[in-house]
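Please open the model in a viewer and keep the selection tool at hand. The stops below are meant to be followed in order.

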Amino acid sequence: MHEPSNSTHQSRRDFLRRFSVWAAIGAGVLASISLLRQFIPRLTQYQRRFKIGRVNNFPVNTFTYMADRKLFVYRDHQGIKAVSAICTHLGCVIKKSDEGFQCPCHGSCFNDRGEVLSGAATKDLPWFELKKDVDGQIVVDLGRLVPPEEKLYL
Amino acid sequence: MSPGISDDNRKRLGRINRNFFLHIHANKVHPHSLKTGYTFGLGVILGFLFMVMILTGVVLMMNYTPSVERAYNSVKDIVFVVPGGRYIRNIHRWAAHGMVLVSFLHLIRVFFTGGYLAGRRLNWIIGVCILVVVLFMNFSGYLLPWDQLAFWAVTIGSNIAASFRELTDILGITQVLDIGGFIKKLLIGDETVGQAALSRFFMLHVIFLPVTLMVLTAVHLWRIRKDGGVSRPMEKTGGQGDNTRGEDKFFSWPVVMWAELAILLLTVAVLLVMAFLFDAPLRERANPDFAENPAKSPWYFLGIQELISYSAFAGGVIIPVLFLVFLISIPYMDREDRNMGTWFSGTAGRRLTWQSLGFSMLITLLFVFILVRYGWFRSWFPDIPQVIIMLFNPATLSALFYIIWAVWVRRRTGSSRMSAIALFTCTMTGFIIYTAIGIWFRGPNWEFYWSSSQWPVF
């Protein structure tokens with residue numbers, strides 16, 4: 001419904017109509033935002049820091065696979081270090097091979113330093129910072145990356 | 001006249017008109033729309049498959065529990081304990097795969113008969129959306145049995161969604177702006193596939209995507225009616241194909257009904273036989289610690305999985321997005337409406353289709369041959385930056401050659417329709433080749449094998 005063109009002021013009815021249309025749009029947008037926010041996950045099973053037991057649990061000069069944490073822990077006589085067992089390509093769990101690690105999904109190969117040798121992966125495997133807790137257990141921090149040669153000295 | 005069918009035209013119109021469920025049909029249809037060799041009934045088959053999916057899906061839902069602890073065992077119960085459960089599940093499975101297959105065939109049919117021309121642009125785009133929804137519906141259903149196949153297929157699928165990271169890594173901004181990680185988290189609700197992913201996929205699979213598909217289908221069918229029925233050639237005299245006068249058309253009651261009944265019987269018969277002969281797979285319970293080798297996504301994503309083995313971002317984002325953009329833009333690039341309604345738009349188009357098929361096979365297989373036989377850049381230059389491989393890999397190079405071919409066809413023929421046929425044929429052929437390689441020729445560690453009998457034994 002339009003006012004006559006010579007009338008410059010909005011009628012009350014016109015104003016209320018426009019107001020209610022914009023109110024409905026605005027309310028809809030705000031409601032959508034608050035509802036869509038629900039789709040962003042807040043709860044997670046993911047643990048950033050956790051204990052993996054004492055140094056003596058790990059055999060010397062070998063990579064020990066920790067299935068529940070998806071880690072390879074390497075220990076020698078000097079120290080201990082941990083590398084991710086998740087392929088940097090598409091997240092499959094890699095396996096220990098003769099020359100290093102190999103991913104079963106798309107054939108990426110890594111050497112013992114976690115560096116890409118061949119295949120679809122483009123990033124090296126990350127090494128994680130290790131610390132010793134007061135109870136003597138090793139703590140892994142997935143949020144802190146270290147170079148491959150760094151280890152927790154015993 | 002068939003028994004039980006009135007000869008009174010007004011009654012026949014009323015049968016369609018006054019029935020809510022039948023009135024999506026026009027009162028009368030053009031003879032051309034009923035030609036088997038024109039439509040192959042693919043759209044109708046899809047409709048019936050969807051109905052079968054809903055019926056069997058509701059039955060399956062009664063015994064299924066979407067929890068990580070119970071899901072696998074409840075599917076096992078369906079297979080081994082519930083009377084007829086295995087058969088229902090098999091039907092659901094084959095109908096789902098049938099939907100993907102028939103959706104692609106329908107896309108190909110509509111493209112080659114020019115069904116996107118003459119104002120049917122919107123409906124073509126809705127059709128592309130339906131294809132995407134069908135794919136996601138299949139993908140979300142894939143996780144629900146919670147076996148090894150499901151778990152690793154979805155792990156890989158969700159990481160395809162995260163392949164944006166390859167780009168942000170190159171730019172060095174992943175720590176600040178992790179788009180890939182965000183999309184992945186949105187999809188599976190956590191860092192890894194777990195209960196959150198199962199809950200989300202269950203919701204998507206049983207409510208959100210089916211309802212979306214119903215709405216899109218309703219609009220799709222409504223648009224067909226508004227566009228004047230199934231596409232057909234334009235007459236030289238008239239405009240938008242309304243040349244046939246009312247008396248030359250068939251009454252939908254009973255002609256179309258018989259046709260649809262025949263398709264329904266055929267579809268269900270094929271499903272029943274398939275479900276009887278081939279069991280839907282159910283492997284051991286999902287084990288997040290040990291990946292399957294080879295871990296393969298669902299077969300319709302194996303083309304993409306082959307591409308992501310070259311480069312995650314190129315194969316997982318660039319190529320699929322380009323492909324969708326190409327599909328959607330076809331009706332905008334090609335507006336030669338006179339080409340509507342005949343297969344390949346005539347003999348020249350038919351010849352070009354075969355030529356493009358051969359060209360695409362040659363190019364695609366050549367690059368795959370080089371990759372499999374001699375390796376790719378990283379095997380030749382170990383220190384090459386990833387961005388080079390992202391831009392130049394078999395997939396992107398093939399796509400480049402497809403485009404060059406299409407442009408050359410455009411200049412040679414001066415026809416946008418011919419150019420569209422060239423590009424569409426090339427991309428579809430490439431897609432099928434990559435999918436076939438992913439399905440049959442990739443074994444453990446995603447290495448090339450001529451046959452799965454040559455796979456090494458671990």
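Select helix 8 of chain B, in this predicted model, and colour its buried residues: B:Phe164, B:Arg165, B:Glu166, B:Leu167 and B:Asp169. Against which helices do these buried residues pack? Display helix 9, helix 13 and helix 16 (386-391) of chain B, since these are their packing partners. Directly after helix 8 of chain B comes B:Gly172, whose phi is positive, near 75 degrees.

Keep helix 8 of chain B on display and add helix 13 (residues 312-333) of chain B. The axes of these two helices come within 7 Å and cross at roughly 120 degrees. An angle of that value lies over 115 and under 145, and so counts as oblique; helix 8 of chain B is therefore oblique to helix 13 of chain B. Show the side chains at the contact: helix 8 of chain B provides B:Phe164, B:Glu166 and B:Leu167, while helix 13 of chain B provides B:Ala312, B:Phe313 and B:Val317. By class, this contact holds 5 nonpolar residues, no polar residues and 1 charged residue.

Next, select helix 14 (residues 347-374) and helix 18 (residues 416-440) of chain B. Two packed helices are described by the angle between their axes and the distance between the axes. Here the angle is about 40 degrees and the axes are 8 Å apart. Helix 14 of chain B and helix 18 of chain B are therefore oblique to each other, and their crossing is right-handed. Which residues meet at this crossing? From helix 14 of chain B, select B:Gly349, B:Leu352, B:Thr353, B:Ser356, B:Leu357, B:Phe359, B:Ser360, B:Met361, B:Thr364, B:Leu365 and B:Val368. From helix 18 of chain B, add B:Met418, B:Ile421, B:Ala422, B:Thr425, B:Cys426, B:Thr429, B:Gly430, B:Ile433 and B:Ile437. The contact of helix 14 with helix 18 of chain B comprises 12 nonpolar and 8 polar residues, with no charged residues.

Three points of backbone geometry follow. Select B:Trp253 and B:Pro254, which are joined by a cis peptide bond with omega of about 10 degrees. B:Pro254 belongs to helix 11 (residues 252-277) of chain B.

Then select B:Phe40, in the loop between helix 2 (36-39) and helix 3 (42-61) of chain B. The phi of B:Phe40 is near 55 degrees, a positive value in a residue other than glycine. Move on to B:Trp146, in the loop between helix 6 (121-143) and helix 7 of chain B; B:Trp146 also is not a glycine, and its phi is positive, about 55 degrees. Are these two residues buried or partly exposed? B:Phe40 is partly exposed, with 15 other C-beta atoms within 10 Å, whereas B:Trp146 is buried, with 24 other C-beta atoms within 10 Å.

Now display both chains. At the interface, 30 residues of chain B are in contact with 21 residues of chain A. On the chain B side, helix 7 (148-161), helix 8 (164-171), helix 9 (179-188) and helix 15 (377-380) each supply at least two residues. Helix 7 of chain B gives the largest share, 4 residues. The chain B side of this interface divides into 13 nonpolar, 9 polar and 8 charged residues.

Finish with chain A, and colour it by domain. The domain assignment gives domain 1 (9-43) and domain 2 (49-153). The C-alpha centres of these two domains of chain A lie 51 Å apart.

Conventions:
Residues are numbered from 1 along each chain as its sequence is written. Chains are lettered from A and ligands numbered from 1 in the order in which they are written. This is a predicted model: local features need pLDDT of at least 70, side-chain atom pairs count only at pLDDT 80 or more; totals for chains, interfaces and linings use all residues. Two residues are in contact if their C-beta atoms, placed from the backbone, lie within 7 Å. Ala, Val, Leu, Ile, Met, Phe, Trp, Tyr, Cys and Pro count as nonpolar, Asp, Glu, Lys and Arg as charged, and the others, Gly among them, as polar. Domain bounds come from an automatic or database domain assignment. Axes are lines fitted to C-alpha atoms, for helices over the stretch in contact, and angles run from 0 to 180 degrees between N-to-C directions. Angles under 35 degrees count as roughly parallel, over 145 as roughly antiparallel, 65 to 115 as roughly perpendicular and the rest as oblique. A crossing is left-handed if the near helix is turned anticlockwise from the far one by less than a right angle, and right-handed if clockwise. A residue is buried if 20 or more other C-beta atoms lie within 10 Å of its own, exposed if 12 or fewer, and partly exposed in between; C-beta atoms are placed from the backbone.
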